[in-house]
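Here is a short set of exercises to work through with the model open in your viewer. Try each task before reading its solution.

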Amino acid sequence: LHPTLLAQLLREAIALFRRQCLEVPCSEGGGMVPDLKVGPGNMVVVGDLHGHLADLLTIFHYHGAPDPMGTQYLFNGDFVDRGTHGIEILILLLVYKLAYPTAVHLNRGNHEDGDVQRLSEDGFVEEMAMKYGPAVTETLLLPLFLDLFQWLPLASVLGGKTFVVHGGLPRYTGVSLQHLRALPPLRELPLLPSTAQQYICLDLLWNDPAPA
């Protein structure tokens with residue numbers, strides 16, 4: 001996709017995610033942890049794609065394309081890095097999201113972060129630079145992708161019952177769903193968090209399950 005068209009797609013997607021985050025009050029299931037309504041069809045939750053476009057196409061082949069009256073999807077983060085088609089995956093998902101906002105949902109993963117992408121082998125920034133050149137990447141596309149990632153939900157609640165998050169639960173006790181919904185959008189996560197909010201965001205994206 002031509003970089004000018006990709007930039008336009010990203011701006012429209014940023015506006016949509018920002019609007020969805022801010023327009024619905026946290027008390028009504030909005031904010032950074034939206035309450036998603038499950039439609040008449042299935043809700044398919046998809047884990048890490050990591051730049052593997054063939055995996056996404058296979059999932060669509062078996063479960064059907066996104067459809068507000070049919071199959072809905074929640075993609076639970078880590079769209080990029082490691083594989084070679086992170087850009088194509090995001091283009092496809094964002095086009096579907098703009099066409100069917102209630103049928104496609106995206107959570108943020110720990111790889112939707114500029115520092116991680118720069119440090120990862122076969123990272124997203126490297127992929128972008130190979131396809132669009134370093135100048136276009138650094139001055140146009142990467143800032144837009146980082147703006148997009150900050151507005152992706154940190155988690156989602158399906159039908160008021162099921163909490164879906166890429167990482168895990170916060171390290172602090174007494175953190176409610178209302179607290180999580182009121183978290184501020186973070187463009188990039190600090191490598192050394194200094195506030196409780198930053199630690200909570202880090203835990204939601206990075207924590208792995210562990211024995212009690």
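Which residue forms a salt bridge with Arg 187, and how far apart are the closest N and O atoms? Keep in mind as you work that this is a predicted model.

**Exercise 1. Characterise the salt bridge of Arg 187.**

Step 1. The partner is Asp 147, and the closest N and O atoms are 2.8 Å apart. The cut-off for a salt bridge is 4 Å, so this pair qualifies.

Step 2. Next, place both ends on the chain. Arg 187 sits in the loop between α7 and α8 (196-206), while Asp 147 belongs to helix α6, so the salt bridge ties together parts that are 40 residues apart in sequence.

Step 3. Finally, check the surroundings. Arg 187 has 32% relative accessibility and counts as partly exposed. Asp 147 is also partly exposed, with a relative accessible area of 24%.

**Exercise 2. Find other salt bridges and describe their ends.**

Step 1. A search of the whole structure gives 5 salt bridges. One of them joins Lys 131 to Glu 88, with 2.8 Å between the closest N and O atoms.

Step 2. Lys 131 lies in helix α5 (residues 124-132) and Glu 88 in helix α3 (residues 86-99), so this pair ties together parts 43 residues apart in sequence. Lys 131 is partly exposed at a relative accessible area of 38%, and Glu 88 is partly exposed at 27%.

Step 3. Now look for a wider connection: Glu 88, Glu 127 and Lys 131 are linked in a network of salt bridges.

Step 4. Another salt bridge runs between Arg 171 and Asp 203, where the closest N and O atoms are 2.7 Å apart. This pair links distant parts of the chain, with Arg 171 in the loop between β6 and α7 and Asp 203 in helix α8, 32 residues apart.

Step 5. Are these two ends buried or exposed, or in between? Arg 171 counts as partly exposed because its relative accessibility is 48%, whereas Asp 203 counts as buried because its value is 1%.

**Exercise 3. Work out the geometry of two aromatic pairs.**

Step 1. A pair of aromatic rings is described by the distance of the centres and the angle of the planes. The structure holds 7 aromatic pairs.

Step 2. Take Phe 60 and Phe 75: their ring centres are 6.3 Å apart and their planes meet at 90°, so the pair is edge-to-face. The pair links distant parts of the chain, since Phe 60 is in helix α2 (residues 53-63) and Phe 75 in strand β3 (residues 72-76), 15 residues apart. Both Phe 60 and Phe 75 are buried.

Step 3. Compare Phe 145 and Phe 149, a tilted pair with 6.1 Å centre to centre and 35° between the planes. Both lie in helix α6 (residues 134-151), 4 residues apart, which is about one turn of the helix. Phe 145 and Phe 149 are buried too.

Step 4. Return to Phe 60 and Phe 75 to extend the picture: together with Tyr 73 and Tyr 96 they form one aromatic cluster.

**Exercise 4. Trace the sheet that contains β5.**

Step 1. What is the strand order? It is β1-β5-β6, an open sheet of 3 strands with mixed pairing. The edge strands, each pairing on one side only, are β1 (35-36) and β6.

Step 2. Assign the pairings. β1 and strand β5 (residues 155-158) are parallel over 2 bridges, and Leu 36 has Leu 158 as its bridge partner in β5. β5 and β6 are antiparallel over 4 bridges, with Val 157 opposite Phe 163 in β6.

Step 3. Inspect the turn. β5 and β6 form a hairpin with 3 residues between them, and Gly 159 in the turn has a positive phi of about 60°.

Step 4. Sort the side chains of β5. Ala 155 and Val 157 point one way, Ser 156 and Leu 158 point the other way, and all are buried.

**Exercise 5. Explain the setting of His 50.**

Step 1. His 50 is in the loop between β2 (43-46) and α2. His 50 counts as buried because its relative accessibility is 6%.

Step 2. Which backbone atom does the side chain reach? The side chain of His 50 reaches the backbone oxygen of Val 80 at 2.8 Å.

Terms used. Residues numbered from 1 in each chain as written. Predicted model: local features only at pLDDT ≥ 70, side-chain atom pairs only at ≥ 80, totals over all residues. Heavy atoms only, no water. Phe/Tyr/Trp six-rings, centres within 6.5 Å; stacked < 30°, edge-to-face > 60°. Buried < 20%, exposed > 50% of the residue type's maximum accessible area, 1.4 Å probe, protein only. Pairing = 2+ DSSP bridges. Polar contact = N/O pair within 3.5 Å; in protein donor to acceptor, adjacent residues only side chain to side chain. Salt bridge = Lys/Arg side-chain N within 4 Å of Asp/Glu carboxyl O.
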